[in-house]
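Student: I would like to go through this structure by question and answer. Please keep to the computed values.

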Amino acid sequence: MRSQFLPFSKPSFDEEDIRAIGDVLRSGWITTGQHASKFEEEFSAYIGARGSVALASATGGMHVALRALNIGPGDEVITSAMTWVSTVNLIVLAGATPVFVDSDRDTLMVSPEAVEQALTERTRLIIPVHFAGAPADMDAIRRLAEPRGIPVIEDAAHAAGTEYHGRRVGAAGSAIFSFHPIKNMTTGEGGMVCSDDADFLNHVRRLKFHGLGVDAFDRRQQGRSPQAEVVEPGYKYNLTDMAAVLGRRQLARLDDFNRRRTALAMRYRERLAGVDEVLPLRDPAYPCRHSWHLFIVRLDIERARRDRDAFMESLKQRNIGTGLHFRAVHLQKYYREQMGFQRGMLPNTEWNSDRICSLPLFPDMCEEDVDDVVAAIKDVLTHQ
Ligand SMILES: *Cc1c(COP(=O)(O)O)cnc(C)c1O
């Protein structure tokens, strides 16, 4: 057994990162300034996006996006229940109605067919989730949304560096990335809204900072001019320069991080191929490049004769950390008790919600760590 605990995720930093943050502190300008601006420019260039706005979190980005699209009471927003709770919480807080569609059992992505069936006259927005580092089938989803004039916001929290049909996620349409510490690149906490719609992006930029009309001149001057006026009430979700400088450095290493994640994921696949009790996810059928945000398996609970929570606990006892991405949103207390969602509504999502488990995967892991995880899984499964 391993003598040292292996966490399921860990960000990768070097001494240069520490020095860069130190330099920002020493400069005397620590909040949103030149690093945040440069981070936005560099992120747009990497993604191939028309423009980007940096924020304090992806959740903050989703909040201002819903506001910019004027989502409110009477509106239906189609999304997945196999996602992080933040999206659905914000839909509800906006007074709108979340409409859940089931996900594909083996990719965990919403299927365009399910989205089509959920469309009504009240559908005002579709939020597909790119899951675990693979892309959702955006062409098919856009073909449903565009003729009906329904906007699409992609939840790209798992998809920094992911490609769909040869283009990076975020290059077309509007997408929101997360830089939470477990994501493929981190700023401590942070997020980025990318869009090819300049008006939407300007609106997001305004709403993330008090609703002040901020122009290019203000941004060159670091911060805002004291004369800036409130154009509409806004929020406060700006990203600090301490965080942004880290984001710039992480972005420069993102392709290396993702290559490393891919190599580790391929080793998991190979080593787990003969372990019948754990089922990895399937790659989507369309052309894509996976960024391997998560290596997810589903425990065959019948064959393994134990539930997923016991499986995770047994791995923990063997010094292997795991994660759970995600427990189905519609089965959480508030959504069951206050909104009447029930088991049985989303069979594939529920099947996965009971069986899903994320294995350790981060760039600083070595091959032997993967082998330790696989050995621990085999050991757990041979003991009752
Ligand atoms: C992490 C995550 C978010 C939220 O990101 P934050 O930056 O923590 O707000 C949203 N959606 C998904 C699918 C996520 O994994």
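Student: How many residues of domain 1 are in contact with domain 2?

Tutor: This is a predicted model, in which local features need pLDDT of at least 70, side-chain atom pairs count only at pLDDT 80 or more, and totals for chains, interfaces and linings use all residues. Residues are numbered from 1 along each chain as its sequence is written, and side-chain values use heavy atoms, with hydrogens and water left out. The domain assignment (automatic or from a database) gives domain 1 as 15-253 and domain 2 as 255-382. With contact meaning heavy atoms within 4.5 Å, 39 residues of domain 2 are met from domain 1 by 41 residues.

Student: Which three residues supply 18% of the area that domain 1 buries against domain 2?

Tutor: Buried area is the accessible area (1.4 Å probe) that two parts lose on being put together, summed over both. For domain 1 and domain 2 that is about 3600 Å², with 58% of it on carbon and sulfur atoms. The three residues that supply 18% of the area on the side of domain 1, more than any other three, are Arg105, Asn184 and Arg253.

Student: Which residue meets Glu163 in a salt bridge?

Tutor: A salt bridge here is a side-chain nitrogen of Lys or Arg within 4 Å of a carboxyl oxygen of Asp or Glu. The count between domain 1 and domain 2 is 4. At 3.3 Å, N to O, the side chain of Glu163 meets that of Arg289.

Student: Is His158 buried or exposed?

Tutor: His158 sits in the loop between strand 5 (153-155) and strand 6, strands being DSSP runs of E with at least two residues, numbered from the N terminus. Leaving aside neighbours within four places in sequence, His158 is in contact with residues including His130, Lys183, His293 and Phe326. Buried means under 20% relative accessible area and exposed over 50%, with partly exposed in between (1.4 Å probe, protein chains only). Because its relative accessibility is 5%, His158 counts as buried.

Student: How far apart in space are Ser9 and Pro181, C-alpha to C-alpha?

Tutor: Ser9 is buried, at 18% relative accessible area. Leaving aside neighbours within four places in sequence, Ser9 is in contact with Pro181, Ile182 and Phe362. Ser9 and Pro181 are 172 residues apart in sequence, and their C-alpha separation in space is 8.4 Å.

Definitions and conventions. Helices (H or I, at least four residues) and strands (E, at least two) are DSSP runs, numbered from the N terminus.
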